[in-house]
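Student: I've just pulled this one up and would like to talk it through. Can we start with the overall picture and then go into the details?

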Amino acid sequence: MPQLHVENVTLTFGGLNALTDVSLTVPEGEIVSIIGPNGAGKTSLLNCISGFYHPTRGQIRFGEHDLTHAAPNVITGYGVARAFQNLELFRGLSVTENLLLARHTHLRYGLLSSLLYYGRASRQEAQNRAYVEGIIDFMELEEHRAHPVGTLAYGIQKRVEVARALTLAPRLLLLDEPMAGMNVEEKEDMVRFILDIKREHGVTVVLIEHDLGVVMDISDRVYVLDFGQLIAAGTPAQVSADPRVIAAYTGAQELSA
Ligand SMILES: Nc1ncnc2c1ncn2[C@@H]1O[C@H](COP(=O)(O)OP(=O)(O)OP(=O)(O)O)[C@@H](O)[C@H]1O
């Protein structure tokens, strides 16, 4: 079973430890959230898992694959996709075009093989379109599919960003603040989508999210970072009752189970 294992990861930037000896496990099929105050190291950890940063020490494994020094595109090929906090979309292209492009870039056919195996390449293209249409339906983006992404409401753009990651057919989906800047209704929709991604597609989810109410509602397991160190881990109920977590958040935000 492909589980994500982060083992004793330290990440140093010019003398500053963004992460210090962080270890965590993400079991298959769970929603695991990483929380912590601003600057705690959450995005740095996600960057290490997705290959944008490489740990100074420690190891990261996904199933049989060693991610520690792998490049982002290699890690995507292992079934790990990421939806970015700052949207990675082409604003002038439609929703469908963005998703097709993402899928096409991932499952690229070389020019030579396209010429030699035209039938296979066009069959693949038809399959890509069908797959993307399925994601558009799943993420309820039908009415927006032909619109340039830049003209859509921000909450819809965030949904397209998650859809973009899903077109890569991930086994592990990394979500970096997918609800940032959303209103209550948009957040409720996103919560429903994340739960369906887990339930209907069996995708494992690692979530970074500042809305602790949402985190405590949907997570199977929560890890808490503070100043680059893991200070607590457990179920939402365990973590929200942990005095170290409450201390880390004191003055910042109320914890709600
Ligand atoms: N490329 C970098 N170069 C230097 N320092 C960095 C770099 N990336 C992150 N850091 C530092 O690492 C620490 C952790 O930052 P990180 O963005 O991972 O925290 P975070 O928990 O995601 O914060 P936020 O909730 O505000 O997004 C911070 O002190 C940050 O300044």
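Student: What radius of gyration does the protein chain have, set against a compact globule with 257 residues?

Tutor: Keep in mind that this is a predicted model. For 257 residues, a compact globule would come out near 18 Å, so that's the yardstick. The C-alpha atoms fill a box of roughly 60 × 40 × 35 Å along the principal axes. The chain agrees with the globule value, with a radius of gyration of 19 Å.

Student: Where in the protein chain is confidence lowest?

Tutor: Overall, the mean pLDDT is 90, and 90% of the residues reach 70 or more. Strand E4 sits at the top with 98. Where pLDDT is low, the predicted coordinates should not be read in detail. The place to apply that caution is residues 111–116, at a mean of 56, and that's helix H4.

Student: Which strands stand at the edges of the open sheet?

Tutor: Take the order of its 4 strands, E2-E1-E4-E5, with antiparallel pairing. The strands at the edges each have a single partner strand, so one side of each is left without a neighbour in the sheet. That describes residues 16–26 and residues 65–66, in other words E2 and E5.

Student: And over how many bridges do E1 and E4 pair?

Tutor: E1 covers residues 4–13 and E4 covers residues 57–62. As a landmark, Thr10 stands opposite Arg57 in E4. The two strands run in the antiparallel sense, and the number of bridges is 5.

Student: Now the ligand. Which helix gives the largest share of the shell around it?

Tutor: The residues around the ligand include Phe13, Ala18, Gly36 and Asn38, along with Lys42, Thr43 and Ser44. By type, the shell divides into 3 nonpolar, 6 polar and 1 charged. The largest share, 3 residues, comes from the helix at residues 42–49, which is H1.

Student: Which element gives the most to the side of domain 1 that touches domain 2?

Tutor: The chain is divided into domain 1 (1–79 + 170–257) and domain 2 (90–169). Their contact takes 11 residues from domain 1 and 11 residues from domain 2. On the domain 1 side, strand E7 (172–176) and helix H7 (184–201) each supply at least two residues. The top contributor, with 3 residues, is H7.

Student: How many residues on that side of domain 1 are nonpolar?

Tutor: Split the side of domain 1 that touches domain 2 by residue type. There are 3 polar residues and 1 charged, and the nonpolar count is 7.

Methods: Residues are numbered from 1 along each chain as its sequence is written. This is a predicted model: local features need pLDDT of at least 70, side-chain atom pairs count only at pLDDT 80 or more; totals for chains, interfaces and linings use all residues. Two strands pair if DSSP finds at least two bridges between them. pLDDT is the predictor's confidence in each residue, from 0 to 100. A residue is near a molecule or strand if its C-beta atom, placed from the backbone, lies within 6 Å of it. Ala, Val, Leu, Ile, Met, Phe, Trp, Tyr, Cys and Pro count as nonpolar, Asp, Glu, Lys and Arg as charged, and the others, Gly among them, as polar. Domain bounds come from an automatic or database domain assignment. Two residues are in contact if their C-beta atoms, placed from the backbone, lie within 7 Å. The radius of gyration is taken over C-alpha atoms; the globule rule is 2.2 Å times the number of residues to the power 0.38.
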